[in-house]
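Visitor: I should like to understand how the parts of this protein model are arranged. Would you guide me through it, please?

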Amino acid sequence: NFNNINLKMKIEEELQLLLDGVDEKKSLGGAIKTYEQIIAHQDNSEEVIKVKEKAIYNLASIFSEKKLADELITLLENILPILKEIPQKSKTAKIVRTIFDFTTKIPGNETKLIELCEKITEWCDENKRTFLKHRIQTKLSELLFKQQRFADSLKLLDVLLHEIKKLDDKNMLVELQLIESQVYHALHNIPKSKASLTSVKTASTSIYIVPNLQAQIDMQSGVISAEEKDFNTAYSYFYESFEGFNSLGEYNLAEKALKYMLMSKIMKKLTNDALNIINSQLSLKYQGRNLECMREIAKAVKEQNLLAFERAKETYAEEIESDANVLQVHISNLYDTLLEDNLKKIIEPYSEVQIDFIAKQIGLPMQSIQQKLSEMILDEKIEGTLDQGRGCLTMFEEVEDNKAFDHTIEIFEKLSHVIDAFYDKTKQVKKLSQSL
């Protein structure tokens, strides 16, 4: 036993010397090889595992900085047998979550991460690591949502919510209900999305919410407010979200919140405010195609210029379509509103107007204009009819409300009540006379 202890101490010292001798600046490749050598060492005694733990974190940091997602996934798969030897379950969970979080920050690896989640879940079942399993399955539900596998995400969320409610883990419950709100929003089920978000806010009142999660809650609150056309409230939530992500250094999410702030201003037709925000110091570090897109749309709305709006949509199609659940929906609604406003201005002076004339004035195909005019007539936004034979729009004259008609109808209704009362009285008198 004494010899074994000495041997283990010697191994630990050797590995520690290897770790201390690593110089990442001088030779990054050599540092990676040394870390991998330490992690792969056969000895898994308590002292050696402490050294391996440092090597794992250092190696994961290098892969994260270099955005090597495959290497991070392989590292996590390789260290699972080592993690069995760590007695503290919380330490195991921290290592797995740290490497997993590093990997999720590298875009375009959702499919591989889903497979990794399934492997870690199996490992958790074998080793009875329930808390870690719930944590990884929460991440899995989020990944399924990002891959637009909404049914699979909801199915997993239902199971998780049932288990977490039993455990009364409010922190995880908040995360799950937030993802549920996002999934329902993507499915355009706004009532259920709002209900899940309300549950999030209720649960979060009694616990401490970390700043990152609070910023996500604010973002989702803004999204739901925007769906309800309350863009003032939406802007406030997006601003809180932007400040939260910006202070945490989550610049991609901060840029997204800033984009939604600008969207809220544009939807309220406060285009000058939107342009001022884009040109302010607040937006300096976020200048790029996303903000250029919002600038061009704001200018088009300000000038009521449909052609400029169309050009902006075509130029920045990738930026708009990549945010199909929020930005694309509101930009589409804004375009429809702008088109309707322009059509109303053109047809206002006429009692009858050719459709091809409207199309030329507005700069859009005649078929598109005809379809839009039909929708506006059906929605009672304009009063008129389309004569397709002659290719023209005939407007109806506005009939002024005549209060005399309403007054006459009211008199007749009252007279009707009086006659009914007389009739009832006559029946009563008749019955009384017959009984006598």
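Visitor: In what order do the three strands of the open sheet lie?
Guide: This is a predicted model. In its open sheet the pairing is antiparallel. The edge strands, each paired on one side only, are β1 (352-354) and β2 (384-387). The order is therefore β1-β3-β2.

Visitor: Which residue in β3 is the bridge partner of glycine 384?
Guide: Strand β3 covers residues 392-395 and pairs with β2 in the antiparallel sense over four bridges. The bridge partner of glycine 384 in β3 is methionine 395.

Visitor: At what angle to β1 does helix α19 run?
Guide: Helix α19 (residues 355-362) lies across β1, β2 and β3. Its direction makes an angle with β1 of about 65°.

Visitor: Are helices α15 and α18 roughly parallel or roughly antiparallel to each other?
Guide: Helix α15 and helix α18 (residues 327-347) have axes 11 Å apart and pack at an angle of about 20°. Angles under 35 degrees count as roughly parallel. The two helices, α15 and α18, are therefore roughly parallel.

Visitor: How do the residues of the contact of α15 with α18 divide into nonpolar, polar and charged?
Guide: Met294, Ile297, Ala300 and Val301 in α15 meet Leu327, Ile331, Leu334 and Leu338 in α18. The division is no charged, no polar and eight nonpolar.

Visitor: Is leucine 291 buried or exposed?
Guide: Leucine 291 is found in helix α15 (residues 289-303). Among the residues that leucine 291 touches are Leu258, Leu262 and Ile278. Buried means under 20% relative accessible area. Because its relative accessible area is 0%, leucine 291 is buried.

Key:
Residues are numbered from 1 along each chain as its sequence is written. This is a predicted model: local features need pLDDT of at least 70, side-chain atom pairs count only at pLDDT 80 or more; totals for chains, interfaces and linings use all residues. Side-chain values use heavy atoms; hydrogens and water are left out. Buried means under 20% relative accessible area, exposed over 50%, partly exposed in between (1.4 Å probe, protein chains only). Contact means heavy atoms within 4.5 Å. Axes are lines fitted to C-alpha atoms, for helices over the stretch in contact, and angles run from 0 to 180 degrees between N-to-C directions. Angles under 35 degrees count as roughly parallel, over 145 as roughly antiparallel, 65 to 115 as roughly perpendicular and the rest as oblique. Ala, Val, Leu, Ile, Met, Phe, Trp, Tyr, Cys and Pro count as nonpolar, Asp, Glu, Lys and Arg as charged, and the others, Gly among them, as polar. Two strands pair if DSSP finds at least two bridges between them. Lists of a residue's contacts leave out its neighbours within four places in sequence.
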